[in-house]
Amino acid sequence: MKALSKKNLVKHIQPTFAPKSKKNMGKVAINIATGSLQTKDTIVGIDLGTTNSLIAIVREDTKAPIALREIDGLTLVPSIVYFDEFNNPLVGTAAREKLIEAPERTIYSAKRLMGKSYKDVSEHAASFAYKIIDDNTDSLLKVQVNDKFYTPIDLSAEILRELKKRGEHILKTSITKAVITVPAYFNDAQRQATRDSGKLAGLDVLRIVNEPTAASLAYGLGVSADEEKTIAVYDLGGGTFDVSILHIINGIFEVYSTHGDTYLGGDDMDRLVADFFKKQLPSKDEHDKKHLQELRLKAEEAKKYLSNNEFFESEIDGQKILINKEQFNSLILPLVERTLNSCRLALKDATLTPDKIDAVVMVGGSTRVPLVKEKVKSFFGKELFDQLNPDEVVALGAAVQADILAGNNTEMLLLDVTPLSLGLETMGGLMDVLIPRNSKIPTKAGRQYTTQKDGQGGMRISVFQGERDLVQDNRKLAEFNLTGIPAMPAGLPKVEVSFLIDADGILKVSAKELRSGIQQTIEVKPQYGLTDEQVEQMLMDSLTHAKDDIATRALVEATTEATQMLETTETFLEKHKDMLTEEEVNITMAKMKDVTQAIFNKNKNLIQKEMETLNEVSRPFAERVMDAALKDAMKGKKIV
Ligand code: ADP
Ligand code: MG
């Protein structure tokens with residue numbers, strides 16, 4: 001079976017609906033307050049975080065979102081799952097306490113593993129204290145505890161179950177519907193995994209919402225009609241950082257761009273402070289886990305204390321430790337600078353300057369650090385939205401979204417964005433982009449393709465994600481065969497391939513041969529996802545290789561065209577030998593050889609030159625043959 005041939009299409013068939021232009025893409029309307037969603041059920045908002053998770057609702061009386069607080073007085077539930085010897089799970093603060101005692105049975109940061117294969121995380125695998133199964137395949141990874149295997153979906157489901165239980169206990173009613181947030185950079189696989197966890201936990205996940213969008217909603221930004229704003233959402237959590245640029249107009253949210261670092265957060269600050277304390281203590285065994293953990297906890301305590309005080313003093317094993325704010329600030333300054341660099345990149349992607357940003361929303365526990373606020377404020381040159389608890393704001397926004405879905409709020413539209421371009425493999429291994437990166441979703445795009453060989457009965461549809469010109473440099477998401485195309489000459493079948501990304505960011509690809517009506521559809525649920533860094537790396541690569549890519553693409557296109565020309569010429573010679581002189585055959589063959597040689601030399605200009613020569617030589621014969629055929633027809637043989 002041959003890969004798609006787009007070449008013919010470019011000449012004969014115009015795309016039916018090419019990726020929509022930026023201008024009208026923002027107008028894809030979703031009515032999220034449809035009748036079927038009108039319900040009296042409580043729909044909760046859930047922030048399923050890397051470090052902490054929480055559940056929130058909009059109060060019926062005050063209409064204000066609140067985070068649900070259990071008897072422990074805490075709203076945050078550490079995203080940690082501990083399993084005892086009998087595989088009974090324990091979630092939250094109680095699980096966190098087991099980190100030292102039973103690290104191999106205490107799973108933290110499961111969110112980092114969502115939608116990933118072992119290959120995706122292998123370079124970080126050593127940093128996990130628990131056992132990640134390496135089956136060396138592209139399938140979803142698993143964590144082994146005792147004799148059991150858990151997928152990240154199972155683990156997240158445990159956390160969601162705990163949140164559901166808490167919510168039910170507080171509200172005294174059953175909770176079956178939820179809105180769950182994910183980072184803006186989460187891909188299809190990660191979103192799908194999050195949705196599946198919800199299902200496993202007994203929750204009907206009505207919507208997956210981007211965290212920055214939720215944070216803006218919590219502040220009521222963009223809620224009123226005819227309001228237009230561009231917002232930066234700066235989210236520094238426990239282990240991850242991201243910044244998103246949102247544009248809101250008439251209640252429609254669009255994510256312009258997103259950048260970040262999935263290994264940068266409050267934990268890094270703790271590590272720096274712990275190292276600082278270590279220098280004040282007599283040297284200890286590096287493998288003394290208990291001591292290291294104590295040091296880390298003290299470091300976090302110091303960090304939090306310094307958010308409101310100038311000086312921290314304490315003891316470890318009777319030894320005094322101290323740190324002042326100035327020392328802390330100089331320790332973490334490089335981290336903060338790195339986040340600002342991401343802000344710069346996000347602005348660049350959105351082609352904006354800081355003065356074009358109307359509001360800056362602060363999200364994540366680590367934005368409580370005064371130096372962080374100060375630097376972000378001066379970077380954007382504006383006051384910050386930081387009045388709400390930064391570690392609750394995402395859940396509060398999810399609750400606002402839940403309230404909209406419940407029909408309690410006016411219609412609101414939410415649009416998100418695709419982080420990488422989506423496309424198909426065409427002839428010669430070229431990437432043909434159907435949905436460009438940073439397109440707002442939901443969106444759809446389609447294009448027609450045709451066959452390359454006479455009687456070609458099938459077509460391989462390979463879906464890729466990435467910015468490079470050759471698919472081999474991009475990431476394959478899915479592949480399927482459209483079979484049963486009735487025998488037709490090459491170039492005649494019209495295969496329309498459509499991409500549809502729904503509001504949750506899940507991609508559906510369908511292919512239909514228009515003449516025969518045969519059709520096939522797949523939902524792309526990639527088996528594993530990309531990390532934020534990988535996405536960034538792919539973008540960087542596409543920039544560094546842009547020049548090579550253009551050259552390669554030109555060569556591939558020339559080669560494809562020349563190969564097709566050789567095939568056609570050969571068929572022609574065979575068919576009409578009797579109408580050509582020996583000399584004519586010989587000269588044509590010689591020119592064909594020159595084309596073949598040029599292809600072999602991988603010389604684009606030469607290929608094009610030799611193709612022209614071959615064309616010049618063979619055109620007169622071709623015309624003669626055509627004339628003869630025409631005369632034949634004119635003789636009335638076929639005309640009754
Ligand atoms: P995530 O979104 O990754 O789940 P959170 O938004 O809950 O995480 O942020 C957790 C981080 O916030 C932790 O590193 C924690 O130490 C840090 N943090 C919480 N309170 C403070 C504070 N008062 N000062 C500094 N950092 C804080
Ligand atoms: Mg968070």
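Is Thr351 buried or exposed? Thr351 is exposed, with a relative accessible area of 70%. The legends below describe this residue and several other sites in a predicted model.

**Figure 1. Overview of the chain.** The predicted model contains 17 helices and 30 strands. Of the 640 residues in the chain, 53% are buried. When contacts between residues at least 6 apart in sequence are considered, 67% of them join residues at least 24 apart. The surface exposed by the chain amounts to about 29500 Å², and carbon and sulfur atoms supply 51% of that area.

**Figure 2. Close-up of two loop residues with positive phi, Asn87 and Thr351.** Thr351 is located in the loop that runs between helix H11 (325-349) and strand E18 (359-363). Its phi is near 45 degrees, a positive value in a residue other than glycine. The relative accessible area of Thr351 is 70%, so this residue counts as exposed. Asn87 belongs to the loop between strand E5 (81-83) and strand E6 (89-91). For Asn87, phi is near 65 degrees, again a positive value in a residue other than glycine. Asn87 has a relative accessible area of 15% and is therefore buried, the limit for that class being under 20%.

**Figure 3. Close-up of the packing of helices H15 and H16.** Two packed helices are described by the angle between their axes and the distance between the axes. Helix H15 covers residues 546-576 and helix H16 covers residues 582-600. Their axes come within 10 Å and cross at roughly 160 degrees. Angles over 145 degrees count as roughly antiparallel, and H15 and H16 are therefore roughly antiparallel to each other. Their crossing is left-handed. On the H15 side, the contact is made by Thr559, Ala562, Thr563, Leu566, Thr569, Glu570 and Leu573; on the H16 side, by Thr588, Met589, Met592, Val595, Thr596 and Ile599. Sorted by class, the contact of H15 with H16 comprises seven nonpolar, five polar and one charged residues.

**Figure 4. Close-up of the packing of helices H6 and H7.** Helix H6 (residues 152-171) packs on helix H7 (residues 188-200) at an angle of about 55 degrees, and the two axes are 8 Å apart. The two helices are therefore oblique to each other. The crossing of H6 and H7 is right-handed. From H6, the residues Ile153, Asp154, Ser156, Ala157, Leu160 and Arg161 take part in the contact, and they meet Ala193, Asp196, Ser197, Gly198 and Leu200 of H7. Five nonpolar, three polar and three charged residues make up the contact of H6 with H7.

**Figure 5. Close-up of helix H8, its packing on helix H13, and Glu211.** H8 packs with helix H13 (residues 393-405) at an angle of about 80 degrees, the axes being 7 Å apart. Angles of 65 to 115 degrees count as roughly perpendicular, and H8 and H13 are therefore roughly perpendicular to each other. In H8, Glu211, Ala214, Ala215, Leu217 and Ala218 form the contact; their partners in H13 are Val393, Val394, Leu396, Gly397, Ala398, Val400 and Gln401. The contact of H8 with H13 has nine nonpolar, two polar and one charged residues. Glu211 lies in helix H8, which spans residues 211-218. With a relative accessible area of 6%, Glu211 is buried. Apart from its neighbours within four places in sequence, Glu211 is in contact with Asp47, Lys111, Thr181, Val182, Pro183, Asp235 and Val394.

**Figure 6. Close-up of Gly266 in helix H9.** Helix H9 comprises residues 266-278 and includes Gly266. This glycine has a relative accessibility of 2% and therefore counts as buried. Beyond its neighbours within four places in sequence, Gly266 is in contact with Gly237, Gly238, Gly239, Lys303 and Ser366. Gly266 and Ile332 are 66 residues apart along the chain, and their C-alpha atoms are separated by 9.8 Å.

**Figure 7. Close-up of Leu424 in strand E22.** Strand E22 consists of residues 422-426, and Leu424 lies within it. Leu424 has a relative accessibility of 0% and so counts as buried. A distance of 7.4 Å separates the C-alpha atoms of Leu424 and Leu434, which are 10 residues apart along the chain.

Notes: Residues are numbered from 1 along each chain as its sequence is written. Chains are lettered from A and ligands numbered from 1 in the order in which they are written. This is a predicted model: local features need pLDDT of at least 70, side-chain atom pairs count only at pLDDT 80 or more; totals for chains, interfaces and linings use all residues. Side-chain values use heavy atoms; hydrogens and water are left out. Helices (H or I, at least four residues) and strands (E, at least two) are DSSP runs, numbered from the N terminus. Buried means under 20% relative accessible area, exposed over 50%, partly exposed in between (1.4 Å probe, protein chains only). Contact means heavy atoms within 4.5 Å. Accessible areas come from the Shrake-Rupley method with a 1.4 Å probe; for residues, only the protein chains shown count as cover. Axes are lines fitted to C-alpha atoms, for helices over the stretch in contact, and angles run from 0 to 180 degrees between N-to-C directions. Angles under 35 degrees count as roughly parallel, over 145 as roughly antiparallel, 65 to 115 as roughly perpendicular and the rest as oblique. A crossing is left-handed if the near helix is turned anticlockwise from the far one by less than a right angle, and right-handed if clockwise. Ala, Val, Leu, Ile, Met, Phe, Trp, Tyr, Cys and Pro count as nonpolar, Asp, Glu, Lys and Arg as charged, and the others, Gly among them, as polar.
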